[in-house]
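Me: Could you go through this two-chain model with me before I get back to the bench? I'd like to start with the overall picture and then look at some single residues.

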Amino acid sequence: MNDRLRKREPAKRAFFFELREANHQVSMGEKSPKYVLLPSGIYANRAFLIGILTSTERRENGIKAYMSDPTSDISFFSGRYTPEVTSFLNKTETPCICALVAKLGTFETQDGARFISLKPESIGRTDERAREYWILTTAQRTLERLEQLKEAKEGREALQAAKDAVEHYNTNLERYYRMVFAALRTILPQKAESLIPGDENETKSKELEEAKREALQIIERKEDGVTYEELIKEMKTYDESIVEEALNALMDEGTLFEPMLGRFKILEP
Amino acid sequence: MPDPVDEIMEAVGSRDDRLKEKIRGELDRLIELGVPPEQAKDTLVNKYSRAVEKKIEELSDGERRVSLVARVISLNQREVTARGEKKTVYSGFLEDETGQCSYSIWQEPNFKVGDAVRINNAYITMWNETKRVNIRSTNDVSPSEKPVEIKREAREIKVKDTESYRGRAKLTCVILSLRSFENSGITVFRGTAGDETGCALISLWKDFGIKEKDVVEIDGATVSQQHSISVSENAEVKKVQSRIKVNPLKVSQVQLNFRNVPVVGKVYGMTKGKTARGMITDGKKTLPFVSWKSTAFDSGDVILAKECNARRYMSTMQIDINGEVEKIEDPELEAVSVEEEVKRISEAEGMATVEGFMIDLKEGGLIRRCPQCNRVLTDMQCSLHGKITEPKIDLRIKAVMDDGSDSATVILNRTLSEKLLGKTLEEYIELVQKALNPDVVLEDCEKILFKPYRARGIFREDSVGKTIIVTAIEPVDRDIAAEAERVLEGYQ
């Protein structure tokens, strides 16, 4: 298509955690561009990402790259159709701070699961300040969307994309708020660790309760139980030590049991 | 799982086995190259879909792979210089039962005026405010197997009906303004027509011998766009001896390029000297105006200006008031609150400030301009003055800024580019000419890519998107950590 004759699609901002959970692609009409519905309630044709380029793997037809932001990591592939991106990835030493402009799409695996795909358009190095600004503005944009999502969830008037996200993903608001807060905490001013004694403990115990609740929700959904690794991956927004503590607490309470090492199930009453 | 190739064949609408094998080969290849299967499928469906046949009315700017059946109304040729080569471009008009549009082709046509033709694989652009069918080659044009039926019966309309009516029309109107333009070897007469219901732009594709202020009866005009009447060579245009009173337009009814139209509105924010300048509003739309002759009115008055032109000034529309101005009583307009208007428009078009990332660089850096007309040269050619041996070297940055919800092309002149890149034009010229570093400009430009900036400038929006001619730009300077803290506090 001739980009000069069509209005440019803006590059939407979303944290990697959210991008990874997106799997619904729509086309608004025969000739219109394709959009991916993101779980916080926005249709995106293109995205702008900043994160750490953590590693690259050469493949026969190109190169696979991994990027990470405070919420998750994400991978994309660049082949001969994006020679500039491929050549950049080939010559850039990892890790470094990178910005990526990518078209969004989805693909289906052989077992029928759908995942997001990032088709890179351009890539380049950037700096820590740009990364922090990206985190702040991405958090702000995401929070705005979550407000709409909340409206939609509670059945009030909201943007169509928010309603669609509720219908398609039934997005867990709490998880997404936590994801944004976790990202924002990484760019807070460096203060002496907790000025008021006790405050830290209070926050921690609150977080632990949340972690316990979420771990239970995840395990409840799977009949065969969940492995420790799966749980850690699903609970990316938590520190691993919190998840471990939450699991221990749940087993102590007798809510969970470990039928074999590293696999957790809910103890039926 | 269904065979994706079958799905493609179905979408393409073909049962050709040879095509099927070809598509299978290409699909395998795409998937092997790492293209997600869904995307590969879409690509092939797009590639092999037969172009949709369209009517002229349905064409839109930017469409590609269009087929249509139409009658050739006119054919003209002219010489142009493109990239240093002399070429002949052929152009004219086409019509079908839904309307008219222009066309162009860069080869000697294999058709003549009056032919009904089928055109394939054309793409559509806008030219002179009309749609243009761009024909790639004579191979794409063949005699039509079916005749083009032009509905001769034209509907009788009033000028206001041009808001929604499309098709052949018969109307009586007064010609408020008329000027001739030379274009591609054809003389076009453009102007404004009006009646008691409203005004519209009018173009006459031949000299019908009519003048401004004439009242005319037109049979066989075409309305193919809002507020625009097109009168082709074979329409009937007759001067009649009746009078038509054109009712004054409200500001929100004024269209760009209207001339000699009467306008009513409430004025405010006036400054007076030899001319009077200010804003005129109807509560829905507000435009700047200049009154060249009359200054005998003040802010807060509701006025009737009998001879107004609407023209583009900077990036917005402006009303030029040429004739006398009359103060009138109009309770509805008197009730318009100027304060609310001011608030509403301060956020609207004019100047804009954007904050976001530079996410793409467009053609720019060191550029060559024509020393006579300042146009940017392509391959040392000026589109107006031909080959240039001593071009003017200039520096400019053209980039895309994106804030996550919208994007705009930003254009930085030499001074701003120098400030942002950290070197002067002279320094760049020296570095490049001495071949010390031919890529130095590009390398420096890349330093601004993917960084956040705040830019202010003159804002413009058209069918291609938003553009900001930047007047001030700086890196984003915000206390990010403090803002992050405030956002978190807001949620606790």
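Reply: What follows takes the chains, their interface and a few residues in turn, and please keep in mind that this is a predicted model.

Me: Fine. How many helices and strands are there in chain A?
Reply: Chain A has eight helices and twelve strands, and of its 269 residues, 47% are buried. If you take the contacts in chain A between residues at least 6 apart in sequence, 60% of them join residues at least 24 apart.

Me: And what does chain B have in the way of helices and strands?
Reply: Chain B has nine helices and 28 strands, with buried residues making up 47% of its 492 residues. Of the contacts in chain B between residues at least 6 apart in sequence, 58% link residues at least 24 apart.

Me: Now the interface. How many residues of each chain are in contact?
Reply: On the chain A side 52 residues are in contact with 45 residues of chain B, and the two chains bury about 4,200 Å² between them, with 60% of that area on carbon and sulfur atoms.

Me: How many salt bridges are there across it?
Reply: The rule finds two salt bridges between chain A and chain B. In a salt bridge of 2.8 Å, N to O, the side chain of Arg13(A) meets that of Asp402(B). As for polar contacts between the chains, the count is seven residue pairs, taking pairs with both residues at pLDDT 80 or more.

Me: Which elements of chain A give residues to that side?
Reply: The elements giving two or more residues to the side of chain A that touches chain B include strands S1 (11-12), S5 (46-59), S8 (96-108) and S9 (114-125), along with helices H3 (128-153) and H5 (173-185). The largest share, ten residues, comes from H3(A). Sorted by class, this side of chain A has 23 nonpolar, nine polar and 20 charged residues.

Me: You mentioned S8 and S9. How many bridges join S8(A) to S9(A)?
Reply: Eleven bridges join S8(A) to S9(A), and the two strands run antiparallel. They form a hairpin with five residues between them, and in the turn Gly112(A) has a positive phi of about 90°.

Me: I was looking at Thr106(A). Where is it found?
Reply: Thr106(A) is found in strand S8 of chain A, and its bridge partner in S9(A) is Ile116(A).

Me: Why does Thr106(A) count as buried?
Reply: Thr106(A) counts as buried because its relative accessibility is 2%, and the cut-off for buried is under 20%.

Me: Which residues does Thr106(A) touch?
Reply: Leaving out residues up to four places away in sequence, Thr106(A) touches several residues of chain A, among them Asn23(A), His24(A), Val36(A) and Phe115(A), and also Pro36(B) and Glu38(B) from chain B. Arg114(A) is another of the residues touched by Thr106(A), and their side chains are joined by a polar contact of 2.8 Å.

Me: Changing topic: Lys212(A), buried or exposed?
Reply: Lys212(A) is buried, because its relative accessible area is 10% and buried means under 20%. The place of Lys212(A) is in helix H6 of chain A, which covers residues 199-221.

Me: And what does Lys212(A) touch?
Reply: Not counting residues up to four places away in sequence, Lys212(A) touches Ala246(A), Ala249(A), Leu250(A) and Glu253(A).

Methods: Residues numbered from 1 in each chain as written. Chains lettered and ligands numbered in written order. Predicted model: local features only at pLDDT ≥ 70, side-chain atom pairs only at ≥ 80, totals over all residues. Heavy atoms only, no water. Contact = heavy atoms within 4.5 Å. Buried area = accessible area lost by both parts, 1.4 Å probe. Salt bridge = Lys/Arg side-chain N within 4 Å of Asp/Glu carboxyl O. Polar contact = N/O pair within 3.5 Å; in protein donor to acceptor, adjacent residues only side chain to side chain. Helix = DSSP H or I, 4+ residues; strand = E, 2+ residues; numbered from the N terminus. Nonpolar A, V, L, I, M, F, W, Y, C, P; charged D, E, K, R; others polar. Pairing = 2+ DSSP bridges. Buried < 20%, exposed > 50% of the residue type's maximum accessible area, 1.4 Å probe, protein only.
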